[in-house]
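Here is a friendly briefing to read alongside the model. Please keep the sequence and the 3D view open as you go.

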Amino acid sequence: MQCQKCQQHEASVHYTQVVNGQKKEVHLCEQCAHEEGYMNFTNESLSLHHFLTNMFPFDQAVNQQPKEQVQRDQGMTCEGCGLTYAQFRKKGKFGCSQCYETFDSYLNPIFKRVHSGNTEHVGKIPKRIGGQLHKRKEIDQLKKELQQLIEDENFEEAADIRDRIRTLKQEIAESEKGGDA
Amino acid sequence: MSLQDFINDAISPWMNNEGNDSDIVLSTRIRLARNLEQVPFPTSQDQASQQKVLQHVEQEFNEQSYESFKQFQLVKMGELEPIEKRVLVEKHLISPNLAENTETGAVLISENEQASIMVNEEDHLRIQLYYPGFELSEALQQAQKLDDWFEERTRYAFDEHKGYLTSCPTNVGTGLRASIMMHLPALTITNQMNQIVPEINKIGLVVRGIYGEGSEALGQLYQISNQMTLGKSEEDIVEDLKSVVKQVIESERKAREWVMQQSGIQLEDRIFRSYGVLAHSRIIESKEAAKCLSDVRLGIDLGLIKNVSKNILNELMVLTQPGFLQHYAKKSLHPNERDWFRANLIRERLQLEQYKN
Ligand SMILES: [Zn+2]
Ligand SMILES: [Zn+2]
């Protein structure tokens with residue numbers, strides 16, 4: 001069997017990977033396998049590249065749209081980096097953070113597919129960007145905990161949580177008054 | 001720490017410590033993808049902005065110290081020989097992709113090589129942290145601290161809804177990829193990986209194995225990592241991965257016990273044959289070397305082989321790759337010469353073990 005990458009050498013590394021239940025077989029020569037970073041934590045490009053080729057689930061939907069609109073969308077260009085929508089489709093990579101706004105209306109189906117149906121970030125927030133955001137998200141979280149504690153009739157802890165929520169709300173109100181949001 | 005240190009030793013200092021469950025888990029890695037605000041991503045091929053990022057990192061972080069990581073050293077791709085870059089790739093300090101960026105690619109490496117921050121890879125910054133053994137929570141905590149240190153002097157591209165913005169849609173949100181490298185010989189020998197892998201995949205994790213001709217993974221090494229980066233907190237991502245890895249560790253332990261009970265003498269035979277091959281062969285291909293190293297490592301973990309250090313699998317796996325071989329040979333080698341050189345190197349390394357004891 002020939003190496004899939006260089007098409008020159010005999011493939012000696014036979015590589016099976018499964019991404020979201022889809023099995024892919026890769027056959028490479030030793031040299032190419034090394035270049036692709038096999039046994040290497042730092043290279044994810046191989047698996048992700050395969051993954052990306054399946055990343056656009058809305059091809060059919062797009063095909064059903066009027067031709068003019070498809071052409072317009074394909075030509076849609078990011079002002080931040082000059083990337084067109086067609087180029088993004090081909091490469092599967094953004095060129096700058098503004099791309100996220102430019103192509104916004106097309107992205108959620110991609111995110112959903114890649115991230116098990118999710119489109120909202122719930123993780124870390126940079127401290128210097130998100131002082132208030134941190135607090136608002138913390139309040140949301142505490143409210144959920146409060147609900148659970150009340151259901152469990154754990155009123156003592158519930159009171160503590162309620163105090164914490166009150167403090168956070170005050171802090172937000174004060175800093176908004178101070179205008180340094 | 002100089003560039004020469006990074007390149008001369010196959011084993012990074014952090015690998016010498018023994019982590020949790022080190023009979024099965026070789027290492028833990030946390031990676032965070034980050035970009036600077038209002039600067040096009042490296043994928044846009046805009047040289048001027050990549051230079052800007054590189055300058056920023058050089059000014060703010062080169063030769064700076066941070067807590068237990070101590071001093072960071074910036075190494076630019078443009079200043080390295082091809083073999084030197086290859087060695088850094090084999091040590092997992094950089095990616096092959098970064099090695100190709102000779103114009104603006106660089107890496108900031110901590111003194112013990114535990115942390116490396118790739119500059120102008122696919123994203124402006126790729127913060128990577130390694131731990132020996134199974135150490136996910138600690139690794140995440142330390143990676144977050146390192147990220148905070150960067151954030152003190154850097155404005156990250158961040159969106160309230162989409163989180164940390166990355167070049168690739170597969171990293172957006174937390175930008176976090178947590179990976180565990182596992183040695184699973186007994187699950188492989190007993191053909192259980194065929195059932196385990198699809199199960200793990202169903203819950204949104206990725207398993208990668210490297211297969212030789214048969215059904216056995218090369219070196220019987222598998223990497224398990226998270227796929228999802230959006231819609232889950234860093235802590236939850238790590239907890240979910242942790243609980244799966246724990247189950248795999250349990251299964252591997254049970255499988256090892258079972259194999260020992262059912263066919264102890266056959267297993268022992270296989271292990272010592274492999275030891276014999278490594279100790280005496282004059283020519284060895286990387287695939288055969290990987291299989292034998294895996295067997296010997298299992299022999300060590302089962303207590304069958306004594307007086308050989310556990311690290312030998314990790315060390316020789318790195319050492320016998322083409323870049324290191326050529327670095328040691330101090331010249332480029334043809335594949336045939338490599339096999340010959342590889343056999344020599346392994347024999348010498350095993351002899352060294354005997355002198356040590
Ligand atoms: Zn090839
Ligand atoms: Zn853009």
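What follows covers the zinc site, aromatic contacts, cysteines, salt bridges and the make-up of chain A.

This is a predicted model, in which local features need pLDDT of at least 70 and side-chain atom pairs count only at pLDDT 80 or more, while totals for chains, interfaces and linings use all residues. Residues are numbered from 1 along each chain as its sequence is written, chains are lettered from A and ligands numbered from 1 in the order in which they are written, and side-chain values use heavy atoms, with hydrogens and water left out.

**Zinc site**

- Four cysteine sulfurs serve as protein donors to the zinc ion (ligand 2): the SG atoms of Cys78(A), Cys81(A), Cys96(A) and Cys99(A), at 2.3 to 2.4 Å.
- Donors here are N, O and S atoms within 2.8 Å of the metal (3.2 Å for Na, K and Ca), and since water is not among the atoms, sites may look incomplete.
- The arrangement around the zinc ion (ligand 2) is tetrahedral because its four donor atoms subtend angles of 99 to 125°; four donors earn that label if all angles lie between 85 and 135 degrees.
- For reference, the ideal angle for four tetrahedral donors is 109.5 degrees.
- Along the sequence, the donor residues of the zinc ion (ligand 2) follow the spacing C-x2-C-x14-C-x2-C.
- Cys96(A) is buried at a relative accessible area of 5%, and Cys99(A) is buried at 0%.
- Buried means under 20% relative accessible area, exposed over 50%, and partly exposed in between (1.4 Å probe, protein chains only).

**Aromatic contacts**

- Over all chains, the whole structure holds 18 aromatic pairs.
- One of them joins Phe94(A) and Tyr100(A), whose ring centres are 4.2 Å apart and whose planes meet at 35°, so the pair is tilted.
- Rings of Phe, Tyr and Trp (its six-membered ring) pair if their centres lie within 6.5 Å; planes under 30 degrees apart count as stacked, over 60 as edge-to-face and the rest as tilted.
- Phe94(A) is buried at 0% relative accessibility, and Tyr100(A) is buried at 6%.
- In chain B, Phe69(B) and Phe72(B) make a tilted pair, with ring centres 6.2 Å apart and planes at 40°.
- Phe69(B) has a relative accessible area of 2% and is buried; Phe72(B), at 0%, is buried too.
- One aromatic cluster is formed by Tyr85(A), Phe88(A), Phe94(A), Tyr100(A), Phe103(A), Tyr106(A) and Phe111(A).

**A charge over rings**

- Arg34(B) lies over the face of Tyr164(B), 3.5 Å from the ring centre.
- The charged end of Arg34(B) also sits over the ring of Tyr156(B), at 5.6 Å from its centre.
- A charge sits over a ring if NZ of Lys or CZ of Arg is within 6 Å of the ring centre and within 35 degrees of the ring normal.

**Cysteines and disulfides**

- The count of disulfides over all chains is zero, a disulfide being a pair of cysteine sulfur atoms within 2.5 Å.
- Why does Cys168(B) have no bond to the closest cysteine sulfur? That sulfur, in Cys99(A), is 13 Å from the sulfur of Cys168(B), which is too far for a bond.
- Cys168(B) is buried, at 1% relative accessibility.

**Salt bridges**

- The whole structure has 26 salt bridges over all chains, each defined as a side-chain nitrogen of Lys or Arg within 4 Å of a carboxyl oxygen of Asp or Glu.
- Glu58(B) and Lys76(B) meet in one, at 3.1 Å from N to O.
- That pair links distant parts of the chain, 18 residues apart: Glu58(B) is in helix α2 (residues 47-61) of chain B and Lys76(B) in strand β3 (residues 70-76) of chain B.
- Helices (H or I, at least four residues) and strands (E, at least two) are DSSP runs, numbered from the N terminus.
- Glu58(B) is partly exposed at a relative accessible area of 32%, as is Lys76(B) at 24%.
- Arg256(B) and Glu252(B) form a salt bridge of 2.6 Å, N to O.
- Arg256(B) and Glu252(B) are four residues apart in helix α8 (residues 234-280) of chain B, so about one helical turn separates them, and both are buried.
- Salt bridges with shared partners join Lys93(A), Glu121(B), Glu122(B), Asp123(B) and Arg126(B) into one network.
- Within chain B, Arg126(B) and Asp123(B) meet at 3.1 Å, N to O, and both residues are buried.

**Chain A overall**

- Chain A has nine helices and two strands, running β-β-α-α-α-α-α-α-α-α-α from the N terminus on.
- Of the 181 residues in chain A, 43% are buried.

Terms used: Tetrahedral: all angles 85-135°; square planar, octahedral: opposite > 155°, others 65-115°.
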